[in-house]
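Student: I should like to learn how to read the packing of two helices. May we work through an example together?

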Amino acid sequence: MSLLTVGTVAFDKLESPFGKTDKILGGAATYISMASSLLGVETGLVSVVGGDFPEEYIDLLKSKNVDLAGLEIVADGKTFFWEGKYHNDLNTRDTLTTELNVLETFNPVVPQNWKNADVLMLGNLHPLVQAGVLEQMENRPKLVVLDTMNFWMDCAWEELMAVIKNVDVISINDEEARQMSGEYSLRKAARKIAAMGPKTVIIKKGEHGALLFQGEQVFYAPALPMEEVFDPTGAGDTFAGGFSGYLAKTNDFSFENMKRAIIFGSALASVTCEKFGTESLQNLDVDALNARLNEFRELMRFEQIEF
């Protein structure tokens, strides 16, 4: 099974109550592909960087068995850059700098050997870019997952509505779900969003976990209570990569298996938060991942209640 993701490969500069960084590796496609490749899933990436993108970051992604045939390098351009500062609760942040650079004119090209990928993960980009990638696939993937945000709801609503008609799963946070649906109740919001196209709706609630909706079926995955969170920047993208990568690995897209995929994505996201950037993902081994999954199992386990 194979997974192709389209999204940003970027520089991030971060500050939180636990410290700050200079420019480090970031971007949605970076986190998604690194999370997916941890499972041994054949993983490809479609994105763009500038000539300032370090060779060491390219080597890092290659060392994680991420196929970079779809990574365009604009020699005379600069890589997308985002700088942010988190407040004490780490749930809110201020964007200090956003420089689109080469991303502003990005026209993704799917390599020929990736046009039949089994799973397609459309990271958070302009809906026209997402649609353009989907149109390049020779055969419709077994599963198409889309991530988006309120910015595209504000400035590209029609384009967003057009692309979500053609996806199987949408992943958004609770604020975005309420904006997209016009409903405060997340259950009502999920029902309305599903009517727009995606059969399955994931609503992320940050430190309060994630909800999975499909028809009248609902599943809730709690977030792991953590003593220290250094940097939540890539948690949502890591979650998406873990979720879609697990489904690709198991080749099982049933609701029951999506429950397991949600837990797997949540476990990886919790690991990401423990260090700045991709550092935790870079150094994660099988034993540490299994230990984290066991923590989730204990968190959710209880005996039958009778009265």
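Tutor: Certainly; please bear in mind that this is a predicted model. Begin with helix α8, residues 235-250, and helix α9, residues 255-272, whose axes lie 7 Å apart and pack at an angle of about 140 degrees.

Student: How is the orientation of α8 and α9 to each other described?

Tutor: Angles over 145 degrees count as roughly antiparallel, and those outside the named ranges as oblique. The angle here is about 140 degrees, and α8 and α9 are therefore oblique to each other. The crossing of α8 past α9 is right-handed.

Student: Which residues meet where α8 and α9 pack?

Tutor: From α8 the contact includes Phe239, Gly242, Phe243 and Tyr246, and from α9 it includes Ala261, Ile262, Phe264 and Leu268. The residues of this contact comprise eleven nonpolar, seven polar and one charged.

Student: Is serine 270 buried or exposed?

Tutor: A residue counts as buried under 20% relative accessible area. Serine 270, which is located in helix α9, has a value of 5% and is therefore buried. Apart from neighbours within four places in sequence, serine 270 contacts Leu224, Met226, Arg292 and Phe296.

Student: What feature does UniProt place at residues 21-280?

Tutor: An unreviewed UniProt entry gives "domain: Carbohydrate kinase PfkB" for that range. Across residues 21-280 the chain is 37% helix and 24% strand, with 15 Å between the end C-alpha atoms.

Conventions
Residues numbered from 1 in each chain as written. Predicted model: local features only at pLDDT ≥ 70, side-chain atom pairs only at ≥ 80, totals over all residues. Heavy atoms only, no water. Axes fitted to C-alpha atoms, helices over the stretch in contact; angles between N-to-C directions. Helix = DSSP H or I, 4+ residues; strand = E, 2+ residues; numbered from the N terminus. Parallel < 35°, antiparallel > 145°, perpendicular 65-115°, else oblique. Left-handed = near helix turned anticlockwise from the far one by under 90°. Contact = heavy atoms within 4.5 Å. Nonpolar A, V, L, I, M, F, W, Y, C, P; charged D, E, K, R; others polar. UniProt positions renumbered as here; feature names shortened; annotations may be inferred. Buried < 20%, exposed > 50% of the residue type's maximum accessible area, 1.4 Å probe, protein only.
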